[in-house]
Structures are given as C-alpha cells and as structure tokens.
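This report covers protein–DNA contacts and one helix pairing. The structure comes first.

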Amino acid sequence: MVRVAVSEGAGGGGVVRPLAEDGTPSGPAVEVDDLVAEIGERERDGAPRWVWPSTARLAPRLLAAGVRVARCHDLELVESLLLGHAGRYGEPRSVAAAWARLRGEPVPDDPLPGATVSAQASLFGDEAPVGDDIERVVAVHAEQQRGIAKLHGFALLTAAESAGALVAAEMTHAGLPWSAERHDALLTEMLGPRPSGGLRPRRLQELADRISDAFGGRGHVNPDSPAQIQKAFASAGLPVNSTRAHVLKSVDHPAVPVLLEYKELSRLHTAHGWSWLDTWVADGRFRPEYVVGGVVSGRWATNGGGALQIPRVLRKAVVADPGWTLVVADAAQLEPRVLAALAGDRAFAEAAAHGDLYSALAGAFGDRDDAREKAKIALLSAMYGGGTGEAVQLLSVLRTRFPDAFEYVESAARAGERGHLVRSLLGRTCPPPSAGWRELTIAGEETAAQALRSRGRFTRNFVVQATAADWALVLLASLRRRLAAMGPPELVFFQHDEVVVHAPCEQADEVVAAVHDAAREAARLLFGATRVLFPMETAVVDTYADAK
DNA sequence: AGTCAATCTCAA
DNA sequence: CATGTTGAGATTGACT
C-alpha cells in the first residue's frame, strides 16, 4: 500500500512525500501551501496510509474542513509502543526525540500537550526549517517499520492504535448526542432548581441541615468533609475508620441514611451538575477529548469531562436526533473470554464457546444454586489477583478444571514479582517496575513482600486487560471501516468494551450487523481459529439509558 | 494564592 | 500475616 509522509508547517502549509511500504521515499518531497486541501485531494485519488507525527494534532483540522482519511500511521503513538516494548517506558516520543535517538544526539523532552506547531517552534527557537522536518518524518517512520517487522503482532497493534486515533478525533468532532434539557430536568428533579451563585441546591441544603440535626445540632457538620463526619460519629460514640458509603451502611445512627443520600446527590451535583453541562455540552453534543493509549493497558483515557465515568442516571440525557437512533453494543464478559482464548485452555475454550460464560463454568463448582456466582468470583479473582476468604477454594477449583488458563495468569504474576515485563497478545508492554520498587524488594521486609505481591497483581491483570484492549481496538478499527462504507452512521462513544453508534433509523439493522462482523473479525485477527466466542450484546434505542 | 496528598465515588 | 485491576475528577485540609 502506498504511504505518504506528512510534515506540518506554519500557516497551514506543509510538506508531503510518497513512500513505499518499508518507508523508502518513492518520489520527491513537495511543499504545499494548504496541507489540509492537499491531503483531501490525495485521499480522493488513492487513499494512501498517511504517515504523520500526531493524529490528535492534525485530524481536528482535517475534520473541520470535511476531510476524512481511511488510514494513518501515527508516529508518536507508534514510538510509544516501540519504546514500551523495549522497556523504555515514558521516554519522549516526538518525531524530534525519535530522530535524536536515531542519530545519538541529546533527546529533547516532549512539548507540553496542546502546544501548536508554531508555538513549539518559537518555544524551542532552534527548530529546523520546514524542509528538514519531512526528512525526519521519513527517517523515523522507516526506523519504526524496521522495528515493527521484527515484532510479532506489532503490525496489527500499530495499525489499530493509529486507527484508534482517527476514531478518537472523529468522535470528538461528532460528539455524543446530549440533551441539555433532559439533563437539566433530571438535575432539577433530583436536586431542586438550579441555584444561583455557588449555593447548594435546595435538596442538598435540606439534607445537610438534617445531617447536622441528626448529630445533635450543636454546631454545623459539613457533610463534604470526611474529617468532620468522622469526628461527629466519634462524638456520638460510633467511631468509624472511614466515611465510605459501604462503611457507613453498617453503622446504626439516624444521620446515616441522610448522609448516604447526600453523598449520592452531591456527587451528581459536583461531578455532573449544571456547571459540567455548561462546560461540556454545546449544540446538543458532549465532546470530550479522548486520549488513545492513555492507560498503561492500552485502554483509553479522557481529558476533561469525565467521559468514561458518566453516571448511569445521566444516560437518560443521551438521546438520538429525530429520525436517528443509537446502536449500543457491548462485549459480554470480554476479559474472561480473552483469558480463555489467550491461554488456549481447551476446557475453558469449550465453556466459552457458548452464551453465558459464567453459567457455562458453573458446572465446575458443583450442583448448587449459586454456582454461577461462584464461577464469576473465581474468574475475577484469578484475573484481579484476589485470593482471600472464599476465593481461595474457588481458585483451587479453577486450577484443577482449567489448568492452562490458571497457569497463564499465574505465570504473568510470577514474571511481575521477578521484575520482568509482560505483554498483551499484540505486544503492548507493561511499564517496568520503578527504581523505588526494586529498592523495596531488596529490603526483604514485610513491605518488600507487599510490593512484590502488588506488582504480581498488576502484571497478572495486565495480560488480560491489555489483550482485551487489543481486541477492542481492533474491533473499533474494523467497525470504523465498515461504518465509513455506509455513509451517515457515526461512532459517538467508546468505553473499554462498549461502543455507541449514532445512525439513521433505517440503517440500524445494518449497523448491528456491522458490529457483529467487526467482533468476529477482531477475534479472528487476534486469536485465529479459536473456539471462543466474543458475543456483542446490542440494543437499538432512542436513549442510552434504555440499553441495559 | 498555588500545590499536593488523602479521601471519596463514578466507570469498565 | 494479608493479598482486588485500570482510570477521572471533585473536595478538603495541610503545606509552601
């Protein structure tokens, strides 16, 4: 496939240069005045794979001009993946840094996020002239291609990561349909009308007053202050070591139910109240900034807006446009299925070849009513590193029935405890332990044992969570390609193992089919001919809240 | 007035 | 002896 290297210049211009697959230039560098228009034209002519420093910086400009591209190679994201694989976590990933590493020169720190090309140039003063930049892009890309070719799975991983960056930019551009009216109505219903200034909403103030009263009314107890709450309980002869909801639930005091209600509503008000609405919703759309590869395991993060923690009650505010619908799809029990496929455990894969995985495994836990629940606890413990109380017995059942799956996560935990790196199926690599960790573990004290176990839990979970993220990313890339061929439908939300597509009603069935096809394709690309199924639960709804 | 850790709850 | 993963984000309260 043809590739085209891109370097952004100041003032909307730039330089492009065609490349062969291995990164060798196949034509001259061409300086253009309007980079966005140039990319649009070349995309229409032949849809090359665009090789550029950062999708997150360039794609918003392209999308604003109505230019969509099919494929790219994001040099910064790929650099991060390659550095991570080499155990060099967190080193600078800019093209300038990669170029410096290539030449054995001092490596510059990455610029702060948000800086524009021209701002960076003036900040660092000594940047090379524009004509030089394209040569850096070409050289860094060629080196990355050499690195990718040596690593099994990396070609798919880097392509999917880059496609993910395009999805992220497009989702921010499209926005999640969000009804400010319904959001406001929900808040008013639960909290009372919107207060002026920084006052507490009526309902919260009532609850706060009742809490003070319940503690005897002598002076105010600020329910927002854990310290004051703890003191108040101590004065009432009911000392608590924390003010968490699940701790308070076991305390018998009239303030408790009021406090729990206050906490829940207060959380809604502070995290997703009117000021959130003012800040994040405009023109009927919620537009968070997604950070691809922002989590060590390859899951995405977001910058502002708390998009990955939208409370369930607020999903009522996510409403399709008239004549449109939301296709909500989530991968059922993704992580245990990933473990089954990853470990190649025959007995486990057999169980995972059916609908409900936990029910399928329940047989291993005997003939009891709560066998499914036990199977679930055992699986989650195996993946999260639990093992207290009841989970001990459950884990031993798992070990005898599904030895390969058990051994897979155990061996990841042992590798972690030895300070080794572990990787996802496609090669995404966990960060190495810190210097502080190594010091701790030398000490040989209780704190050392604690640090070892903690690292083991991390690596045990990493192999599963990161491979699940691999799978989800490949699914996303596949789904994006299928939706692009359909026209209007757009991806508007992605959260670890769940996607939302906004589509014209008449295309809903087609979108549902595309989701299932994409899931199958992802399973095949990662695991080949595995028997494990990766079912997607889909719902076609007017509002996100109706999905489940 | 700004920074930072601790605490808490939300999501998968 | 105790052993549950990854995050975002708001607030308090201590510190500079």
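A polar contact is a pair of N or O atoms within 3.5 Å; within protein, one must be able to donate a hydrogen and the other to accept it, and residues adjacent in sequence count only if both atoms are side-chain atoms. The model is predicted: local features need pLDDT of at least 70, side-chain atom pairs count only at pLDDT 80 or more, and totals for chains, interfaces and linings use all residues. Residues are numbered from 1 along each chain as its sequence is written, chains are lettered from A and ligands numbered from 1 in the order in which they are written, and side-chain values use heavy atoms, without hydrogens and water.

**DNA contacts**

A residue is near a strand if one of its heavy atoms lies within 4 Å of it. Around DNA strand C there are 25 residues, with Ser225, Gly304, Gln309, Arg453 and Arg457 the closest. Helix 21 (446–486), helix 12 (255–272) and strand 10 (301–303) each supply at least two residues of this surface. Helix 21 gives the largest share, six residues. Helices (H or I, at least four residues) and strands (E, at least two) are DSSP runs, numbered from the N terminus.

DNA strand B has 17 residues around it; Thr243, Ala245, Arg267, Arg299 and Asp497 come nearest. Sugar or phosphate accounts for 83% of the DNA strand B atoms within 4 Å of the protein. For DNA strand C the share is 68%. In both cases the rest belong to bases.

By class, the surface near DNA strand B has four nonpolar, five polar and eight charged residues. Near DNA strand C there are four nonpolar, 15 polar and six charged residues. Ala, Val, Leu, Ile, Met, Phe, Trp, Tyr, Cys and Pro count as nonpolar, Asp, Glu, Lys and Arg as charged, and the others, Gly among them, as polar.

Polar contacts include these:

| Protein atom | DNA atom | Distance |
|---|---|---|
| Thr243, polar side-chain atom | strand B, phosphate oxygen | 2.7 Å |
| Arg299, polar side-chain atom | strand B, base nitrogen | 2.6 Å |
| Arg299, side-chain N or O atom | strand C, base oxygen | 3.2 Å |
| Gly304, polar backbone atom | strand C, phosphate oxygen | 2.5 Å |
| Gly306, polar backbone atom | strand C, phosphate oxygen | 3.2 Å |

**Helix packing**

Helix 3 (residues 75–85) packs on helix 7 (residues 154–174) at about 140°, with axes 9 Å apart. Contact means heavy atoms within 4.5 Å. Helix 3 contributes Leu77, Val78, Leu81, Leu82 and His85; helix 7 contributes Phe154, Leu157, Thr158, Glu161, Ser162 and Ala165. Seven of the contact residues are nonpolar, three polar and one charged.

Terms used
Axes are lines fitted to C-alpha atoms, for helices over the stretch in contact, and angles run from 0 to 180 degrees between N-to-C directions.
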